[in-house]
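Hi everyone, thanks for making time for this. I'd like to walk you through a structure that is new to most of us, so please have it open while I talk.

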Amino acid sequence: MIPKFRAWDETECVMRSWKELDVTKDTGEDFFMIGHQENIAVTAYWHKQTLLQYTGIKDKTGVEIYEGDIIKIPDDWDVWGMNSGEIYEVYFGFGGFRMRPKYNNNSRGYYVEYENEFEVIGNIYENPELLEVSE
């Protein structure tokens, strides 16, 4: 699989798809500049952007799952005898893509390994309220 990324543009508060990104290595430097393509001109190298990698897995509606996505376990899902209907954040850690439960930010969570099982309901940048724990 060829790695795919998208980027959260913190300056304009917009998620940019991998098709919009232009990643250029700065000549003579050891860092990459990330911009976006607009009418075939590369713009926004000065924006602060966070790269988010594609997990290689799609949700049950065919949506690609990326780091930073918020996913919901189906209400009828019962692989471990629990977790149905729960909401998780997708992140990279401990050697792979994992999903961390919203009620325990210190948890390692579970590996994201099931294709077409979960549903992407948002992401941590545009929908942080989905991870808020109600008391």
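Let's start with a pair of strands. β10, covering residues 96-101, runs antiparallel to β11, and 2 bridges join them. If you want a spot to look at, find Arg 98, which stands opposite Tyr 111 in β11. One thing to keep in mind throughout is that this is a predicted model.

Now zoom out to the sheet around that pair. What is the order of the strands in this open sheet of 5 strands? Reading across, the order is β11-β10-β9-β8-β12, and the pairing is antiparallel. The edges are taken by β11 (110-111) and β12 (119-123); each has a single partner strand, so one side of each is left without a neighbour in the sheet. As general background, strands of a sheet pair through backbone hydrogen bonds, either parallel or antiparallel.

Staying with this sheet, let's look at a charged pair. The side chains of Glu 89 and Arg 100 meet in a salt bridge, at 3.5 Å from N to O. Glu 89 sits in strand β9 (residues 87-93) and Arg 100 in strand β10, so this pair ties together parts that are 11 residues apart in sequence. Are these two residues buried or exposed? Glu 89 has 13% relative accessibility, so it counts as buried. Arg 100 is buried as well, with a relative accessible area of 16%.

How many salt bridges does a search of the whole structure find? It finds 5. Another of them joins the side chains of Lys 4 and Glu 64, at 2.4 Å from N to O. Here Lys 4 lies in the segment before β1 (5-9), while Glu 64 belongs to strand β7 (residues 64-66), so the pair ties together parts that are 60 residues apart in sequence.

Then there is a little network: Asp 9, Glu 12 and Arg 16 are linked by salt bridges. Within it, the side chains of Arg 16 and Glu 12 meet at 2.7 Å, N to O. Arg 16 is buried, with a relative accessible area of 7%, whereas Glu 12 is partly exposed at 45%.

While we are in that part of the chain, have a look at Cys 13. Cys 13 is in the loop between β1 and β2 (14-16). Cys 13 has a positive phi of about 50°, although it is not a glycine. Its relative accessibility is 53%, so Cys 13 counts as exposed.

Where else does a residue that is not a glycine have a positive phi? At Phe 94, with a phi of about 55°. Phe 94 is placed in the loop between β9 and β10, and at 48% relative accessibility it counts as partly exposed.

Let's go inside now. The largest nonpolar core has 10 residues, and here is the whole list: Ile 57, Ile 65, Ile 71, Ile 73, Tyr 88, Val 90, Phe 97, Met 99, Val 112 and Phe 118. The elements that give two or more residues to this core are β9 and β10. Take Ile 65 as one member to explore: leaving out residues up to four places away in sequence, its contacts include Ile 57, Ile 71, Val 90 and Val 120.

Another contact of Ile 65 is Thr 55, and that residue deserves a stop. Thr 55 is in strand β6 (residues 49-58) and is buried, with a relative accessible area of 11%. What does its side chain reach? A polar atom of the Thr 55 side chain lies 2.8 Å from the backbone oxygen of Ile 65. The backbone nitrogen of Ile 57 is 3.1 Å from a polar atom of that side chain. Beyond its neighbours within four places in sequence, Thr 55 is in contact with Ile 65, Tyr 66, Val 90 and Phe 97.

My last stop is Arg 6, in strand β1. At 12% relative accessibility, Arg 6 counts as buried. Its side chain makes a polar contact with the side chain of Asp 69, at 2.4 Å. Setting aside residues up to four places away in sequence, Arg 6 also touches a list of others, among them Arg 16, Trp 18, Leu 52, Tyr 66 and Asn 123. You may remember Arg 16 from the network with Asp 9 and Glu 12.

That's my tour. Thanks for listening, and I'm happy to take questions.

Terms used:
Residues numbered from 1 in each chain as written. Predicted model: local features only at pLDDT ≥ 70, side-chain atom pairs only at ≥ 80, totals over all residues. Heavy atoms only, no water. Pairing = 2+ DSSP bridges. Helix = DSSP H or I, 4+ residues; strand = E, 2+ residues; numbered from the N terminus. Salt bridge = Lys/Arg side-chain N within 4 Å of Asp/Glu carboxyl O. Buried < 20%, exposed > 50% of the residue type's maximum accessible area, 1.4 Å probe, protein only. Core = buried A, V, L, I, M, F, W, Y, C linked by side-chain atoms within 4.5 Å. Contact = heavy atoms within 4.5 Å. Polar contact = N/O pair within 3.5 Å; in protein donor to acceptor, adjacent residues only side chain to side chain.
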